[in-house]
Amino acid sequence: MSTDPETLAGFDPFAAEVIADPAPWYALMRKEAPVFRVPGHGFYLVTRYEDVMTAVRNTDTFSNRFTSPGLALGRGSPAIQTELNEILAGGYPRTPTLLTNDPPAHTRFRRLVARAFTPRRVASWQPEIDRLSDELIEAFAGRGSVELVSEFAMPLPIGVIADALGVPRGMQPTFRRWTDDSTDLIGADVTDERRLAAARGLVEFQTYFAAELDDRRRSPRDDFLTDLLQATVDGEEDGLDDTRGLHLPPLSDTRPLDTAEMLSILHQLLVAGNETTTTLLAESMRLLVAEPAEYARVAADRDGSYTAGVVEEALRLCAPAQGMFRVVTRDTVLGGVEIPAGATAILMYASANRDEAQWPDADSFCPYRDGVRHHLSFGSGIHFCVGAALSRAEAQAALPRLCRAMPDARLTADRLNYKPSFVLRGLRSLPLRFSSR
């Protein structure tokens, strides 16, 4: 683990020791340079809650229309761009939709996806979440040890999303590979060869799901793919986004989604639905193992009421998406810092979630602290995560089951390793030992 830094000189967000423990660095930024231009890279990290919220609300200046943050912020060679373009030309165009768009175009996508991500649909997945959680736990409960990431935190959300999409369970390893192909390029230091392999994986993903969408056109089913194909909106009235209770403005463009748009949405949902929930599950258990009293309360929580607060506090402390990209459209000032047009700013939700001005004793694990649901781990405003309810449902179902199955779980590693992305920061593994039942 890193020690508290005394200066920001030489700060490198890609460094393994920073990724392992970024909180002290962000605390120093909030104190000394809340809008920090990263040396040698040129992008800006926005670290205070107030400044992040200012940027979130100003979509005209802080645009979501970024295209390839992994290529922009990684350390790959520019020489491979031609080869990357040739690979990607074999698939569908990369189309701005949810995460990579602004109003009014974003409004159309948001309303269409909200129609396919209703509370009724999320509720319909709950029995499968419960069943799959029990099945995964049963596989290791009698053994007395588990590597929680690979044996539970990964397969649960992948299994749920596979069922929601109506694709075979046997596709889970391929889903995991496609997720890695995406996350390895976001805020990470990877080789040129890895970038090329990831591009091939994206085209493979597009080819597979284009065929699945064609199948649903011929034979509709009760699944998310069919929901996307059939989603329509009326442009005359304000629309209610049931995933957040947002009233979205009327639309002039009410076309159904085309194939490239649906593939873009599915790609974002695959990454968000798998990687971020995996991180939430693993980090929640890491926090609970270190707090025996909280662990026992979750184990005894039969109706999920206490666990819900634990999940929110885990989200606050361990944001699965540490930040989100914005492209600055005009010269502006944020937090007293001049940012030129064309610059990339990263709104660091992980830092804003620990802002002492928002939460006293912000580094402590305190479920049900005041205002905990004001955290930014699912974003805010029009870009609030459409899959937030599903991710919460999975964590709230899983944590009590895990704590009951492993009543005295303890960490067996002296040091935990994290993946190489400072944006999608997640544990590689979480080895636990417990008394087998």
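By contact I mean heavy atoms within 4.5 Å. With that settled, this is a predicted model, and I will go through it region by region.

Confidence comes before anything else. The mean pLDDT of the protein is 87, and 90% of the residues reach 70 or more. The weak spot to mention is residues 68-74, where the pLDDT is below 50, although the model still gives this stretch 19 contacts beyond near neighbours in sequence. Where pLDDT is low, the predicted coordinates should not be read in detail.

Now Phe 140. This residue sits in helix H8, which covers residues 126-140. Its relative accessible area is 0%, so Phe 140 is buried. Leaving out residues up to four places away in sequence, what does Phe 140 touch? The list is Ser 145, Val 146, Leu 148, Glu 151, Phe 152, Leu 402, Met 406 and Phe 434. As for Ile 19, 121 residues away along the chain, its C-alpha is separated from that of Phe 140 by 30 Å.

Some of those partners come back when we look at the nonpolar core. The largest core has 139 residues, and those touching the most other members are Leu 45, Leu 148, Phe 152, Phe 175, Phe 209, Met 285 and Met 406. Helix H14, residues 259-289, supplies the largest share of this core, with 14 residues. Take Phe 175 from that group: beyond four places in sequence, its contacts are Ile 158, Ile 161, Ala 162, Leu 165, Val 167, Phe 209, Leu 270 and Asn 274.

The next residue along is Arg 176, in helix H11, residues 172-183. Is Arg 176 buried or exposed? With a relative accessibility of 10%, Arg 176 counts as buried. Its contacts outside the local sequence, past four places, are Met 154, Ile 158, Glu 275, Thr 278 and Lys 419.

Ile 158 belongs to helix H10, where it is one of the buried residues. H10 runs over residues 155-165, and 10 of its 11 residues are buried, so this helix is largely enclosed by the rest of the structure. Among the others buried there are Pro 155, Leu 156, Pro 157 and Gly 159. Just after H10 comes Gly 166, with a positive phi of about 75°.

Helix H5, residues 81-88, has Leu 84, Ile 87 and Leu 88 buried. Down the helix axis these buried residues fall within an arc of 95°, so they line one face of H5. An α-helix has 3.6 residues a turn, so residues three or four places apart point the same way. On the face of H5 turned away from the buried side are the exposed residues Thr 82 and Glu 86.

Past H5 there is a cis peptide bond, from Pro 103 to Pro 104, with omega near 5°. Pro 104 is in the loop between H5 and helix H6, the latter being residues 105-116.

On to the loop between helix H17 (349-352) and helix H18 (388-405), which holds His 383. His 383 has a relative accessible area of 13%, so it is buried. A polar atom of the His 383 side chain lies 3.3 Å from the backbone oxygen of Asn 101. Beyond four places in sequence, the contacts of His 383 include Asn 64, Leu 98, His 106, Arg 110 and Arg 326.

Two other residues between H17 and H18 have unusual backbone angles to list. Asp 361 is in that loop, and its phi is positive, about 50°, although it is not a glycine. Asp 361 counts as exposed because its relative accessibility is 53%. Tyr 368 is in that loop too, again not a glycine, with a positive phi of about 70°. Tyr 368 is at 44% and so counts as partly exposed.

Finally, cysteines. How many disulfides does a search of the whole structure find? The search gives 0. Why is Cys 366 not bonded to Cys 318, the cysteine with the closest sulfur? The two sulfurs are 13 Å apart, which is too far for a bond; the cut-off is 2.5 Å. Cys 366 is partly exposed, at 28%. For Cys 403 the closest cysteine sulfur is also in Cys 318, at 15 Å, and that too is too far for a bond. Cys 403 is buried, at 2% relative accessibility.

Notes:
Residues are numbered from 1 along each chain as its sequence is written. This is a predicted model: local features need pLDDT of at least 70, side-chain atom pairs count only at pLDDT 80 or more; totals for chains, interfaces and linings use all residues. Side-chain values use heavy atoms; hydrogens and water are left out. Helices (H or I, at least four residues) and strands (E, at least two) are DSSP runs, numbered from the N terminus. Buried means under 20% relative accessible area, exposed over 50%, partly exposed in between (1.4 Å probe, protein chains only). pLDDT is the predictor's confidence in each residue, from 0 to 100. A polar contact is a pair of N or O atoms within 3.5 Å; within protein, one must be able to donate a hydrogen and the other to accept it, and residues adjacent in sequence count only if both atoms are side-chain atoms. A nonpolar core is a set of buried Ala, Val, Leu, Ile, Met, Phe, Trp, Tyr and Cys residues joined through side-chain atoms within 4.5 Å. The arc is that of the directions from the helix axis to the C-beta atoms.
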